[in-house]
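Let's take a walk through this protein together, one piece at a time. Have the sequence and the model at hand, and follow along as we go.

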Amino acid sequence: MQRFIKSDAGWRIGWDPEASEFKGLIGTDSWAVELTEGELHDFCRLLSQLSDIMNQMAAETMDEEKITCEAESNLLWMEVTGYPQAYSLRFILNSGRRAEGEWDDASVVAHLCQAAKILRVF
């Protein structure tokens, strides 16, 4: 299996099964963080959960009502904020080296969510 990187304006996500420790990558046009296999797995899993929750909240909230949802594993914490159809995403790594990042543009987050779903090659 070869290295796989998916990117577009404002986001990127990747997987390198040959890497010794940091097999994953997430970032934007201006920053990137390498992730362990477990961190990338949790990132994709929690992102999917948060995306599902935001979709479910569309029926429960008024159009002008903003919401915030959090999800966490032992390896990272994530938060989405905004409207069910358009929200920002933040994360903080809880592991040894620590890092945090965010995507403010809702259209970027939507594309990142789609890419994370197809990245599940590990």
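A good place to begin is strand 5, which has two faces: Ile67, Cys69 and Ala71 lie on the covered one, while Thr68, Glu70 and Glu72 lie on the uncovered one. If that pattern looks familiar, recall that side chains in a regular strand alternate between the two faces of the sheet. Keep in mind as you look around that this is a predicted model.

Strand 5 has a partner. It runs antiparallel to strand 6, and 6 bridges join the two. The connection between them is a hairpin of 3 residues. To see the pairing for yourself, find Thr68 and look across to strand 6, where Thr81 stands opposite.

Strand 6 also leads us inward. Met78 touches Phe43, Leu46, Leu47, Leu50, Cys69, Glu70, Ala71, Leu89, Arg90 and Phe91, leaving aside residues up to four places away in sequence. Notice that Cys69 and Ala71, from the covered face of strand 5, are among these contacts.

Met78 belongs to something broader. The largest nonpolar core has 31 residues, and Met78 is listed with Ile13, Phe43, Leu89 and Trp103 as having the most contacts inside it. Which elements each supply at least two residues of this core? They are strands 2, 4, 5, 6 and 7, together with helix 1 and helix 2. Helix 1 gives the largest share, 7 residues.

Helix 2 deserves a look of its own. It has 13 residues and reaches 19 Å from its first C-alpha to its last, close to the 18 Å expected at 1.5 Å a residue. Its buried residues are Val108, Val109, Leu112, Cys113, Ala115 and Ala116. The spacing in such a list is easier to read with one rule in mind: an α-helix has 3.6 residues a turn, so residues three or four places apart point the same way. The cover over the buried residues of helix 2 includes strand 1, strand 2, helix 1, strand 7 and strand 8.

Now turn to Ile26, in strand 3. Is Ile26 buried or exposed? Its relative accessibility is 0%, so it counts as buried. The residues that Ile26 touches, again leaving aside those up to four places away in sequence, include Ile13, Trp31, Phe43, Phe91 and Trp103.

Four of those names meet again, since Trp31, Phe43, Phe91 and Trp103 form one aromatic cluster. Across the whole structure, a search finds 5 aromatic pairs. In one of them, the rings of Trp31 and Phe91 have centres 5.9 Å apart and planes at 40 degrees, so the pair is tilted. This pair links distant parts of the chain, with Trp31 in the loop between strand 3 and strand 4 and Phe91 in strand 7, 60 residues apart. Trp31 is partly exposed at 21% relative accessible area, whereas Phe91 is buried at 1%. Trp31 also pairs with Trp103: the centres of their rings are 5.3 Å apart and the planes are at 50 degrees, so this pair is tilted. Here Trp31 reaches Trp103 in strand 8, 72 residues apart along the chain. Trp103 is buried, with a relative accessible area of 2%.

Our last stop is Arg98, in the loop between strand 7 and strand 8. Most residues other than glycine have a negative phi. Arg98, however, has a positive value, near 55 degrees. With 55% relative accessibility, Arg98 counts as exposed.

Definitions and conventions. Residues numbered from 1 in each chain as written. Predicted model: local features only at pLDDT ≥ 70, side-chain atom pairs only at ≥ 80, totals over all residues. Heavy atoms only, no water. Core = buried A, V, L, I, M, F, W, Y, C linked by side-chain atoms within 4.5 Å. Buried < 20%, exposed > 50% of the residue type's maximum accessible area, 1.4 Å probe, protein only. Helix = DSSP H or I, 4+ residues; strand = E, 2+ residues; numbered from the N terminus. Contact = heavy atoms within 4.5 Å. Expected span 1.5 Å × (residues − 1). Pairing = 2+ DSSP bridges. Phe/Tyr/Trp six-rings, centres within 6.5 Å; stacked < 30°, edge-to-face > 60°.
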